[in-house]
Amino acid sequence: MLGLYQRNIIVARYGGKIEIGEHCGISGSTIYSWSSIEIGNHTRIGANCKIIDNDFHPVELEYRHKSLNEEYTRRAPIVIGDDCLLYHGVTLGGNGKDKDKRHPTLKNHVMVGCNASVLGNITIGNDVQIGSNSVVVKSIDDNQVAKDAANLVDVYIYNLTTSKAVVNQTTVN
């Protein structure tokens, strides 16, 4: 099997819940909830993906020296819409900055390329495609193609409805 290094690990602890829709496929990935992870219908999750709604390793120094437990671990829901495709090695997680909601929301028909990371309290719109190895830390509107560029600083976006490329809101011909 391509890229399969482990069995699926699906864990809900400390009141966490995981809801997986109908007709989903998951290959050798980790889904770990202390809050809530919701995966829509017909979603495919490739090998070695990590979907984690909690902060195993807190950013704050004072919490790093305490034992890992419910009291010191922040958590927030992750929502993955219907008909999404996460290729192998994708990470959905927090960015360590936000206090409340810290994890991404993927709307419907989202494709995330191999080894991409989608981090923080952001929303990925309907019918979005994210290129392999991208690091996404800003929300993306519906009907966009995003690929990581310029050392993780700029994100080039191709609008599927207008057929124009955009770099940081500046139109590129």
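**View 1. The structure holds one aromatic pair.** Tyr14 and Trp34 form this pair, and the geometry is edge-to-face. The ring centres lie 4.5 Å apart, centre to centre, with 70 degrees between the planes. The pair links distant parts of the chain. Tyr14 sits in the loop between β1 and β2. Trp34 sits in the loop between β4 (30–33) and β5, and the two residues are 20 residues apart. Burial of the partners is worth a look. Tyr14 is partly exposed, with a relative accessible area of 33%. Trp34 counts as buried, at 2% relative accessibility. Trp34 falls in the buried class because buried means under 20% relative accessible area. The model is predicted, here and in every view that follows.

**View 2. The protein chain as a whole comes to one helix and 20 strands.** The chain has 173 residues, and 39% of them count as buried. The exposed area is about 9500 Å². Carbon and sulfur atoms supply 49% of that area. Contacts across the chain can be split by sequence separation. Among contacts with a separation of 6 or more, 34% join residues 24 or more positions apart.

**View 3. Six strands make up an open sheet with parallel pairing.** The strand order is β1-β4-β7-β10-β13-β16. Strands β1 (9–12) and β16 (135–136) are the edges, and each pairs on one side only. Within this sheet, β10 (residues 91–93) pairs with β13 (residues 117–119). The sense is parallel, over three bridges. Thr91 stands opposite Ser117 in β13.

**View 4. Leu119 lies in strand β13.** Leu119 counts as partly exposed, at 21% relative accessibility. The class follows from the cut-off, because buried means under 20% relative accessible area. Leaving out residues up to four places away in sequence, Leu119 touches Gly93, Gly94 and Asn95. Leu119 also touches Val135, Val136 and Val137. Leu119 and Val135 are 16 residues apart in sequence. Their C-alpha atoms are 7.6 Å apart in space.

**View 5. Five strands form an open sheet with parallel pairing.** The order is β2-β5-β8-β11-β14. The edge strands are β2 and β14 (123–124), each of which pairs on one side only. Start at the β2 edge. Strand β2 (residues 17–20) runs parallel to β5 (residues 36–39), and four bridges join them. Ile20 has Ile39 in β5 as its bridge partner. Move on to the next pair. Strand β5 pairs with β8 (residues 78–80) in the parallel sense, over three bridges. Glu38 stands opposite Val79 in β8. Ile39 stands opposite Ile80 in β8. Ile39 therefore has partners in two strands: Ile20 is its bridge partner, and Ile80 in β8 stands opposite it. In a regular strand the side chains alternate between the two faces of the sheet.

**View 6. The largest nonpolar core has 24 residues.** Which members touch the most other members? They are Ile51, Leu86, Leu92, Val112, Val118, Ile124 and Ile130. Strands β5 and β8 are the elements that give two or more residues to this core. In soluble globular proteins, nonpolar side chains tend to be buried together.

**View 7. Ile51 is one of the core members that touch the most other members.** Neighbours within four places in sequence are left aside here. What is Ile51 in contact with beyond them? The list includes Thr30, Ile31 and Tyr32. Ile37 and Ile45 are also in contact with Ile51. So are Ile78 and Ile80. Leu86 and Leu92 complete the set of contacts. Leu86 and Leu92 are also named with Ile51 among the core residues that touch the most other members.

**View 8. The count of salt bridges comes to one.** The side chains of Glu19 and Lys17 meet in it, at 3.3 Å, N to O. How exposed are the partners? Glu19 is partly exposed, with a relative accessible area of 40%. Lys17 counts as partly exposed too, at 41% relative accessibility. Both residues belong to the run of β2 (residues 17–20).

How values were computed. Residues numbered from 1 in each chain as written. Predicted model: local features only at pLDDT ≥ 70, side-chain atom pairs only at ≥ 80, totals over all residues. Heavy atoms only, no water. Pairing = 2+ DSSP bridges. Core = buried A, V, L, I, M, F, W, Y, C linked by side-chain atoms within 4.5 Å. Buried < 20%, exposed > 50% of the residue type's maximum accessible area, 1.4 Å probe, protein only. Contact = heavy atoms within 4.5 Å. Areas by Shrake-Rupley, 256 points an atom, 1.4 Å probe, with all protein chains shown as cover. Salt bridge = Lys/Arg side-chain N within 4 Å of Asp/Glu carboxyl O. Phe/Tyr/Trp six-rings, centres within 6.5 Å; stacked < 30°, edge-to-face > 60°.
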